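Here are my notes on the model, point by point. Please keep the structure open while you read.

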Amino acid sequence: MTVTYSSQVANARLGSFSRLLLCWRGSIYKLLYGEFLIFLLCYYIIRFIYRMALTEEQQVIFEKLTLYCDSYIQLIPISFVLGFYVTLVVTRWWNQYENLPWPDRLMNLVSSFVEGKDEQGRMLRRTLMRYVNLGNVLILRSVSAAVYKRFPSPQHLVKAGFMTPSEHKHLQKLSLPHNSFWMPWVWFANLSTKAWIGGRIRDPILLQSLLNEMNTLRTQCGQLYAYDWISIPLVYTQVVTVAVYSFFLACLIGRQFLNPAKAYPGHEMDLVVPLFTFLQFFFYAGWLKVAEQLINPFGEDDDDFETNWIVDRSLQVSLLAVDEMHQDLPPMERDMYWNEPEPHPPYTAASAQSRRPSFFGSTFNISLDKEDMEFQPDLEEQEGAHSGIIGRFLGLQSHDRQSPRTNSKTKLLCPKKEVLSHENQPKNLGGAGQNTSDQEDSKAWKGEDVFKSVALYARSGYHSAPQTPLSHTPMVFPPGQSAPSSLRRISGIDDPVKDQSLQPATPRSKKSFELLPENAGASMEHPEVTHMRRKTVEFNLMDMSEAPEHLREPHLGQSTSNIHTILKDHGDPYWDLEDRSVLYSNQGH
């Protein structure tokens with residue numbers, strides 16, 4: 001009963017769909033002509049009464065009613081309600097088709113797994129497939145009117161050959177107040193297990209595959225039963241039907257053409273045929289008819305499923321596959337392309353124009369010049385060329401112009417250097433030369449370049465390095481003694497800084513030391529040779545109970561013991577560890 005027109009629309013050309021409008025079977029004309037004739041008849045009866053039967057006063061009242069219906073008819077959401085309903089119905093219709101029981105996969109497994117060319121093996125395979133077809137017929141006669149009319153009782157199934165008289169008695173003996181379409185599937189499972197025990201099925205894995213496919217088919221039958229039992233909610237169907245019918249009942253009055261002599265807005269002409277109203281009825285009422293036809297595809301409409309044909313085809317194909325075709329194979333021969341690595345099947349004259357070369361991908365059609373296919377050098381090597389205004393415009397900055405970043409590591413250096421610079425300014429201990437060197441050192445200490453140039457274990461704050469003091473007491477060496485070799489051999493320190501010792505900075509102060517190289521005498525005699533920037537690090541030795549120096553206000557008049565150690569290197573990573581203010585107990589206490 002299904003209307004098939006796929007071949008007529010296989011090629012898109014002029015008038016492909018227009019030719020389908022001339023079809024009658026399964027068309028919208030066949031579904032809608034009755035309602036459309038009733039709508040036309042009612043429309044022209046109302047028009048005749050308005051023109052001929054009503055008085056002048058009655059015509060005025062009717063005209064007011066017409067204008068009222070025409071103004072409020074658009075409040076009915078017919079497109080919204082009807083669109084969602086038809087979408088739901090079409091989705092449900094296609095899901096029911098996908099759950100139709102087709103035994104093709106199961107019959108392939110039965111034909112290949114159940115062995116035996118004798119009568120017992122043949123009977124076993126045919127019985128298994130007969131149980132499959134019996135289960136399909138039982139569920140289809142429960143949901144399809146056409147199949148039920150064909151097999152109205154179990155006796156008709158016995159006469160049709162789907163069930164033996166003994167099997168019918170067995171069903172009657174086990175009858176329950178429920179649908180018995182599931183019983184043949186139980187028989188199939190038990191008989192398959194018996195065939196495995198008897199050696200007809202070699203391996204339990206094959207038995208499991210057979211039962212899994214049987215359960216899939218049984219699930220599809222259960223889905224059909226559920227679709228037939230659980231329909232679309234009745235209230236939804238009623239809402240859609242009332243919306244469509246009430247809309248066109250209002251159109252019968254609201255779309256009437258009024259007397260043009262009275263000059264009503266929109267009624268300047270008196271057209272006998274309301275063309276667009278008829279088209280609107282054709283679209284909306286036809287949409288509703290589509291939903292009515294598809295809501296149950298197991299009926300006898302033109303586009304319903306061919307359930308009786310499915311029953312016939314399933315029985316014929318399944319019995320043929322497990323009986324005559326069991327182990328009946330054609331002899332193996334060499335094909336005509338045996339020695340050809342690239343076989344080319346021939347084309348007929350009608351199909352020669354459809355021959356196409358292989359498709360490699362859309363990018364294979366791109367053509368490039370020879371210069372565009374050459375590899376370019378790494379852009380990171382040319383990074384230094386982008387500088388100045390153009391570099392800043394491009395978002396590139398050199399390291400010397402990059403603003404310093406502050407993180408948890410650089411915070412250990414910057415605040416303490418600022419405190420030391422504030423303390424040295426009022427005291428002016430180092431003179432003008434020392435202030436100049438301090439300013440140069442402060443510029444050198446900006447940013448992370450100096451911090452990153454040293455090894456990880458030599459950085460300030462890295463307390464897992466063996467050279468880092470773990471106590472709060474700084475390491476100060478007395479005059480005449482050298483720093484330990486383990487502290488002098490630090491990765492990242494320049495060679496001129498290595499093997500330096502502490503010497504008194506001034507002859508009148510015994511608590512100020514100068515870090516000098518071992519050839520201090522030669523350097524003292526020739527100061528121009530060892531001329532380098534000097535850095536002063538200050539240690540404040542005060543009472544432990546008082547706050548640290550860099551956390552309180554500096555007092556100019558306060559007397560403290562300051563140790564100035566002059567370093568002949570900029571950015572010494574080891575002495576960076578000591579660049580902090582630490583509390584000491586005075587020696588007099």
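1. Confidence first. This is a predicted model. The mean pLDDT of the protein is 76, and 64% of its residues reach 70 or more. Over residues 396-404 the pLDDT is below 50. That stretch still has seven contacts in the model beyond near neighbours in sequence.

2. A second stretch needs the same care. Across residues 480-589 pLDDT stays under 50. The model nevertheless has 213 contacts for residues 480-589 beyond four places in sequence. Where pLDDT is low, the predicted coordinates should not be read in detail.

3. Helix H1. Does the end-to-end distance agree or disagree with the residue count? Helix H1 covers residues 28-53, which is 26 residues. At 1.5 Å a residue, H1 should span 38 Å. The C-alpha atoms at its ends are 36 Å apart, so the two values agree. H1 also bends, by about 40° at Gly34.

4. The buried side of the story for H1. Leu32, Phe39, Leu40, Tyr43, Arg47 and Tyr50 are buried in this helix. Note that Arg47 and two tyrosines, Tyr43 and Tyr50, are on that list. What covers the buried residues of H1? The cover includes helix H2 (56-72), helix H11 (234-254) and helix H12 (275-294).

5. The largest nonpolar core. This core has 45 residues. Which of them touch the most other members? Val110, Leu157 and Phe188 do. Helix H4 (104-113), helix H5 (119-143), helix H9 (183-197), helix H10 (204-229) and H13 each supply at least two residues. H5 gives the most, with 11 residues.

6. Leu157 up close. Setting aside residues up to four places away in sequence, Leu157 touches Leu134, Val137, Leu138, Arg141, Phe151, Phe162 and Met163. Apart from the largest core lies another, of 27 residues. Its members include Leu252, Phe257, Ala285 and Leu294.

7. Ser318. This serine is found in helix H13, residues 307-322. Is Ser318 buried or exposed? Its relative accessibility is 0%, so Ser318 counts as buried. A polar atom of the Ser318 side chain lies 2.7 Å from the backbone oxygen of Ser314. Beyond its neighbours within four places in sequence, Ser318 is in contact with Met107, Met129 and Asn133.

Methods
Residues numbered from 1 in each chain as written. Predicted model: local features only at pLDDT ≥ 70, side-chain atom pairs only at ≥ 80, totals over all residues. Heavy atoms only, no water. Helix = DSSP H or I, 4+ residues; strand = E, 2+ residues; numbered from the N terminus. Expected span 1.5 Å × (residues − 1). Bend = angle between axes of the 7 residues up to and from the residue. Buried < 20%, exposed > 50% of the residue type's maximum accessible area, 1.4 Å probe, protein only. Contact = heavy atoms within 4.5 Å. Polar contact = N/O pair within 3.5 Å; in protein donor to acceptor, adjacent residues only side chain to side chain. Core = buried A, V, L, I, M, F, W, Y, C linked by side-chain atoms within 4.5 Å. pLDDT = per-residue confidence, 0-100.
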